[in-house]
2 protein chains.
Amino acid sequence: MAVIVQKYGGSSVADAEKIKNVARRIAAVKDKGDQVVVVVSAMGDTTDGLIDLAYRMNEHPDPRELDALVSTGEVVSSTLLAMALEAMGYEAISLTGAQAGIRTDSTHRRARILKVESRRIESELKAGNIVIVAGFQGISEDMDVTTLGRGASDTSAVALAASLGAEICQIYTDVEGVYTADPRLIPDAQPLAEIGYEEMLELASHGARVMHARAVELGEVYNIPILVASSFTGKPGTLIHGGVSMEVRNKVRSIAHDLDVAKITIVGVPDRPGIAAAIFGPLAEANISVDTIVQNASVDNITDLTFTVAKSQLADAMKVVEPICNSINARDCVTDSKLGKVSIVGTGMQNTPGYAARMFRVLSEKEINIQLITTSEIRITCIIDEAKVKDAVRALHHAFEEE
Amino acid sequence: MAVIVQKYGGSSVADAEKIKNVARRIAAVKDKGDQVVVVVSAMGDTTDGLIDLAYRMNEHPDPRELDALVSTGEVVSSTLLAMALEAMGYEAISLTGAQAGIRTDSTHRRARILKVESRRIESELKAGNIVIVAGFQGISEDMDVTTLGRGASDTSAVALAASLGAEICQIYTDVEGVYTADPRLIPDAQPLAEIGYEEMLELASHGARVMHARAVELGEVYNIPILVASSFTGKPGTLIHGGVSMEVRNKVRSIAHDLDVAKITIVGVPDRPGIAAAIFGPLAEANISVDTIVQNASVDNITDLTFTVAKSQLADAMKVVEPICNSINARDCVTDSKLGKVSIVGTGMQNTPGYAARMFRVLSEKEINIQLITTSEIRITCIIDEAKVKDAVRALHHAFEEE
């Protein structure tokens with residue numbers, strides 16, 4: 001008897017009727033004889049509503065309180081889903097993250113899972129229950145509720161799948177899988193039947209919102225096959241796994257884009273050891289995620305240091321960066337919040353030259369200026385004007401995917 | 001440094017502005033130098049909304065799931081209140097019932113408190129925090145969330161006050177205290193400055209909705225003074241305690257009424273030992289609260305047995321009672337769901353004859369037929385036609401309170 005872990009996102013459980021639909025989907029899996037563990041997000045935009053309420057109370061709500069508050073959203077959806085299954089004659093039980101044994105560190109708002117103590121889940125499965133787990137949340141050593149960061153119900157699901165030795169982790173959402181580009185932008189974008197962990201990780205980290213990067217990483221580490229599919233259609237979806245066929249590897253798999261990019265450039269930095277640490281240490285302490293970092297070649301021991309953050313974190317980042325600029329005698333510190341990025345991703349790039357040159361040529365033909373370039377072995381990312389992102393994705397999709 | 005426990009009901013924290021008002025009231029107490037523990041109910045009609053959702057999922061929602069669901073309401077209000085206090089510069093922390101150490105039995109929907117392990121609260125108080133506890137909830141030995149029954153946040157507050165050795169437990173609500181009768185019915189009703197535990201217990205048990213009877217009982221057992229007052233006005237409220245002055249005891253203290261009364265009469269019951277147990281045992285197992293029980297004198301070993309339940313429980317009660325009636329060969333089983341009750345309460349009645357006769361005379365002068373009479377040492381209750389309850393309260397208030 002295999003264990004199947006399923007995860008349903010907020011749009012899949014947005015109202016009473018949708019929860020009943022999800023219950024029917026779960027029942028169909030249970031009917032096949034498997035043991036089923038289901039992770040749910042909060043209903044629709046419940047989480048945003050709770051966060052709004054919090055900010056009406058306090059401009060800087062305490063992270064511990066905020067976690068306790070927003071974690072209620074998933075408790076509500078998980079109990080309702082268990083009730084819907086029971087109404088259909090199935091044995092079901094809801095568990096909070098704490099009851100499901102998801103132990104985390106104490107970094108509220110973005111806690112990391114330390115371990116999953118799955119005894120309770122295992123005994124509930126053995127008792128014949130479908131187990132519904134509140135996603136996105138865990139519990140710290142102090143017995144305080146923590147949350148794992150925005151969109152991290154995917155991570156809850158993959159972590160549970162890993163600890164239960166599940167056959168597969170199925171992520172049900174409102175899109176039909178992973179595409180060659182965002183289908184809202186590129187109507188001709190094609191769904192992918194399968195994709196490798198590394199490729200998916202690059203896509204998720206560079207703007208493809210279909211799945212949470214941490215969940216993909218966890219899936220890769222524990223080798224859990226992850227299916228991403230729509231809870232609203234019968235389409236097969238995309239299987240993320242390690243054994244992607246060789247022949248489909250030798251190309252650009254998908255084009256990701258991200259409109260949430262702001263750039264900070266510290267101009268005229270004395271190029272001596274320890275400067276980067278002096279800047280990025282305090283940013284990390286302030287919980288600001290720095291994405292791309294580029295340092296230009298040093299001339300006369302003076303260099304320019306550029307990095308990007310999410311637009312929403314630009315103001316907080318500048319509060320940290322400006323005093324440091326003064327203390328290290330930087331010449332200037334300039335920002336640009338009207339940026340976006342486009343990435344081409346594919347393991348095929350790894351041993352095949354020419355992808356980067358082709359990408360830059362495509363962008364230049366559209367007169368799109370490249371502000372920053374970063375690469376990994378299987379990805380090339382260009383940071384460009386926000387207003388040009390759509391054109392760039394279209395041109396790149398035409399060049400690489402419709403060939 | 002004294003410990004003060006306060007409780008704010010749902011109407012006191014119904015929206016963001018009201019939560020901020022409550023925060024200001026709490027801050028004023030903290031400023032006096034006391035340690036403050038606050039118990040909150042869910043915002044406004046949150047609990048009803050969650051219960052509605054549950055019944056849309058399942059006509060008979062599982063009690064454990066229902067508890068997990070509705071307990072989120074108090075978590076939301078407690079975290080928001082903590083945030084509001086922090087915004088005002090006060091140190092505050094919210095705790096769930098489980099974190100506050102409220103250990104209960106496993107009777108979901110109406111769990112009893114077994115003990116309060118107040119270590120966490122004590123250490124948070126010692127650290128200088130105002131502690132906000134989610135009311136109405138606890139945790140069972142299986143680590144499942146339980147709720148204590150409708151309106152039981154009062155009970156949470158008094159239990160915490162008892163375990164912390166609090167100086168006083170202040171129950172803030174939307175009424176200004178205990179009155180000589182329901183002021184919505186009797187505009188001339190007078191507020192009481194103080195009342196004894198036993199009197200308050202009789203009032204709360206017989207329809208006065210101002211406070212939860214279990215909380216009064218707990219206050220009496222642990223001798224915790226309880227103040228009932230409005231969170232919206234500066235009025236002094238009513239102090240419930242053990243040391244009520246002798247001179248105010250010698251009268252009817254207040255008149256309670258209850259419109260939620262249904263009557264079941266089992267006609268022609270063979271009067272042999274064990275019959276009452278055969279009926280009330282199964283009702284108790286079905287979690288149906290039986291209120292008044294009256295058995296008429298037996299003639300020829302055949303008796304009539306009458307008892308009352310809440311109107312909402314009449315249908316469930318009949319499902320239990322009807323098969324029993326058949327099995328014990330009762331002649332008939334009749335119900336009446338259009339009843340109410342009026343009670344006069346006061347320790348003054350204890351050693352003074354004539355109160356009962358006077359009550360019956362007042363009702364008969366208004367041509368109100370008495371269906372059942374029950375008494376305690378300090379209370380006389382008449383069950384009458386629902387439509388006559390208002391007239392009865394008015395007439396009794398005029399006779400006993402305006403004398």
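**Figure 1. Strands 1 and 2 of chain A pair in the parallel sense.** In this predicted model, six bridges join strand 1 (residues 3-8) of chain A to strand 2 of chain A. One of the bridge pairs sets Ile4(A) against Val36(A) in strand 2 of chain A. Strand 2 of chain A spans residues 35-40, and six of its six residues are buried, so the strand is largely enclosed by the rest of the structure. Both of its faces are covered. On one side lie Gln35(A), Val37(A) and Val39(A), and on the other Val36(A), Val38(A) and Val40(A), all of them buried.

**Figure 2. Leu81(A) and its contacts in the nonpolar core.** The largest nonpolar core of the model has 244 residues. Leu81(A) and Leu81(B) are the residues with the most contacts inside this core. When neighbours within four places in sequence are left aside, Leu81(A) is in contact with Val13(A), Ile19(A), Val22(A), Ala23(A), Val38(A), Val40(A) and Ile132(A). Two of these partners, Val38(A) and Val40(A), are buried residues on one side of strand 2 of chain A. In soluble globular proteins, nonpolar side chains tend to be buried together.

**Figure 3. The side of chain A that touches chain B.** The contact between the chains takes 25 residues from chain A and 25 residues from chain B. On the chain A side, the elements that give two or more residues are helix 1 (16-31), helix 2 (46-57) and helix 3 (63-87). Helix 3 of chain A gives the most, with 13 residues. By class, this side of chain A has 16 nonpolar, five polar and four charged residues.

**Figure 4. Chain A as a whole.** Chain A has 11 helices and 18 strands. Its C-alpha atoms fill a box of roughly 75 × 50 × 35 Å along the principal axes. The radius of gyration of chain A is 23 Å, which agrees with the value near 22 Å for a compact globule of 403 residues. Of the 403 residues of chain A, 50% count as buried. Among contacts in chain A between residues at least 6 apart in sequence, 74% join residues at least 24 apart.

**Figure 5. An open sheet of six strands in chain B.** The strand order is 14-15-13-16-18-17, and the pairing is antiparallel. Strand 14 (293-295) and strand 17 (370-376) of chain B stand at the edges; each has a single partner strand, so one side of each is left without a neighbour in the sheet. On average, neighbouring strands of this sheet are turned by 25 degrees against each other, direction ignored. At one of these edges, strand 17 of chain B is joined by six bridges to strand 18 (residues 379-385) of chain B, and the two run antiparallel. Within strand 18 of chain B, Thr381(B) stands opposite Thr374(B).

**Figure 6. The surroundings of Ile113(B) in strand 5 of chain B.** Strand 5 of chain B covers residues 113-116 and includes Ile113(B). Ile113(B) counts as buried because 23 C-beta neighbours lie inside 10 Å. Apart from neighbours within four places in sequence, Ile113(B) is in contact with Ile102(B), Thr104(B), Gly138(B), Leu148(B) and Ala159(B). The C-alpha atoms of Ile113(B) and Arg103(B) are separated by 5.9 Å, with the two residues 10 apart along the chain.

Notes
Residues numbered from 1 in each chain as written. Chains lettered and ligands numbered in written order. Predicted model: local features only at pLDDT ≥ 70, side-chain atom pairs only at ≥ 80, totals over all residues. Contact = placed C-beta atoms within 7 Å. Helix = DSSP H or I, 4+ residues; strand = E, 2+ residues; numbered from the N terminus. Nonpolar A, V, L, I, M, F, W, Y, C, P; charged D, E, K, R; others polar. Core = buried A, V, L, I, M, F, W, Y, C linked by C-beta atoms within 7 Å. Buried ≥ 20, exposed ≤ 12 C-beta atoms within 10 Å, placed from the backbone. Rg over C-alpha atoms; globule rule 2.2 N^0.38 Å. Pairing = 2+ DSSP bridges. Axes fitted to C-alpha atoms, helices over the stretch in contact; angles between N-to-C directions.
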